[in-house]
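Thanks for making room on the agenda this morning. I would like to walk you through one structure, going from the overall picture down to single residues, so please have the viewer open as I talk.

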Amino acid sequence: SQVYLNGDYMAPEEAKISPMDRGFLFGDGIYEVIPAYHGKMLGFNAHIERMQQGLAAIEIALDYDVEQWREICETLLSTNPGPNQGIYLHVSRGTDSKRNHAYPSGVAPTVFAFCFTLPGEPSCDADKASSYEVSLEQDRRWQRCNIKSTALLGNVMHYQSGARAGNKETILFNALGEITEASSSNVFIVKEGVIATPPLDTQILPGITRWLILQIVHTHSELRIEERVITKDELLDADEVWITSATKEVGPVLKVDGKQIGQGRPGPMWQRVQSLFSQHKFDY
Ligand code: PMP
């Protein structure tokens, strides 16, 4: 298996980056994760577009176009065995000679990418699907969560506090008691047949899975979906709660802080939307 670093493909142990890299010293970079099943990437254009927007937001000038990214991803997929792969892409501001906060000039960004094995495509079967018990706590991350920064300490600490309580994810709410997202997922609820998810703003990452769900559900006029503020009380009182991400797709949440959601099993709307997602996820 091979990884990509700054224009070359090599064995993972050959890939070397200086400790003076700003990705290492400051977490000064942008990343993406793109799933691929049987060589087909899911949401490729949307993932690359989000990365380009993140790079522009932090003023990293990298001249890779979409086709260059496609070639890197396809080359990595071809050198990594197995039908289910995640592709990790990472761009840092680069390696400077000094540790200065100021953005350096004349420094080339560091570009690193590798594949990792995914367990397989998420199931649409309630008995086989991965389901989630989650923690709920106040969001203590920064105020630019729309940027997919490699600086993930806030997310890591939130995830870990859920893990300590025996949970697999942590859903977050802001100081007003409004749901933002989870440590590595977006959040949806279902109440009386209506699907809802928090609106895009600087408190959340614009998830590609979230976007795909909105596109797919909008083509089914019998399904109702709203982008609106959701309070933590509404979440606890919902018929269904989902966490979504590129690798989880639509992940059913069965318990929040130990409290059962709905019937305590993946719900009928989850079944409908995860099935539609499975059928249409490569259409975009
Ligand atoms: N929010 C956060 C904080 C995340 O890390 C992720 C995973 N990248 C998501 C939401 C979901 O985004 P996506 O659907 O693009 O994987």
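I will begin with the chain as a whole, then take the two domains, the helices, and a few individual residues.

Please keep in mind throughout that what you see is a predicted model. The protein chain contains seven helices and 15 strands, and along its principal axes the C-alpha trace spans about 55 × 40 × 35 Å. A compact globule of 284 residues would have a radius of gyration near 19 Å, and because the protein chain has 19 Å, the value agrees with that expectation. Of the 284 residues, 38% are buried. If we take the contacts with a separation of 6 or more, 70% of them are accounted for by residues that lie 24 or more positions apart.

Let me turn to the domains. The chain is divided into domain 1, which covers 3-117, and domain 2, which covers 132-280, and their centres, taken over C-alpha atoms, are separated by 26 Å. To the contact between them, domain 1 contributes 20 residues and domain 2 contributes 11 residues. On the side of domain 1 that touches domain 2, the elements giving two or more residues are β3 (29-37), α2 (44-57) and β5 (84-92), with β3 providing the largest share, namely seven residues. Sorted by class, that side of domain 1 has nine nonpolar, nine polar and two charged residues.

Since α2 is among the elements on that side of domain 1, I would like to stay with this helix for a moment. It has 14 residues and reaches 20 Å from its first C-alpha to its last, which is close to the 20 Å expected at 1.5 Å a residue. Where are the buried residues of α2 placed around the axis? The residues in question are Phe44, His47, Ile48, Arg50, Met51, Gly54 and Leu55, and because they cover an arc of only 160 degrees around the axis, they sit on the same side of α2. As for what they pack against, the partners are β3, β4 (40-41), α3 (66-79), β5 and α5 (208-218). Just after the helix, Glu59 takes a positive phi of about 60 degrees.

The packing of α2 against α5 can also be described from the side of α5, whose buried residues are Ile208, Thr209, Arg210, Leu212 and Ile213. These pack against α2, and also against β10 (186-191), β11 (194-197), β13 (240-245), β14 (249-256) and α7 (268-280).

Another helix to look at is α4, residues 153-164, which has 12 residues and reaches 16 Å from its first C-alpha to its last, close to the 16 Å expected at 1.5 Å a residue. Just after α4 comes Gly166, with a positive phi of about 85 degrees.

Now for some individual residues, starting with Glu137, which is placed in strand β7, residues 132-138. Is Glu137 buried or partly exposed? It has 17 other C-beta atoms within 10 Å, and therefore it is partly exposed. Leaving aside residues up to four places away in sequence, Glu137 touches His158, Ser161, Thr170 and Leu172. Glu137 and Leu172 are 35 residues apart along the chain, while their C-alpha atoms are separated by 5.2 Å.

For a second glutamate, consider Glu74 in helix α3, which is partly exposed because 15 other C-beta atoms lie within 10 Å. Glu74 and Ala196 are 122 residues apart in sequence, and in space they are 35 Å apart, C-alpha to C-alpha.

I will finish with backbone geometry, and with two residues that you may want to find in the viewer. Most residues other than glycine have a negative phi. His38, in the loop between β3 and β4, has a phi near 50 degrees, a positive value in a residue other than glycine. With 10 C-beta neighbours inside 10 Å, where 12 or fewer is the cut-off for this class, His38 counts as exposed. Asp257, which lies in the loop between β14 and β15 (259-260), likewise has a positive phi, near 50 degrees. Asp257 has 16 C-beta neighbours inside 10 Å, and so it counts as partly exposed.

Conventions: Residues numbered from 1 in each chain as written. Predicted model: local features only at pLDDT ≥ 70, side-chain atom pairs only at ≥ 80, totals over all residues. Domains from an automatic or database assignment. Contact = placed C-beta atoms within 7 Å. Helix = DSSP H or I, 4+ residues; strand = E, 2+ residues; numbered from the N terminus. Nonpolar A, V, L, I, M, F, W, Y, C, P; charged D, E, K, R; others polar. Expected span 1.5 Å × (residues − 1). Buried ≥ 20, exposed ≤ 12 C-beta atoms within 10 Å, placed from the backbone. Arc of directions from axis to C-beta. Rg over C-alpha atoms; globule rule 2.2 N^0.38 Å.
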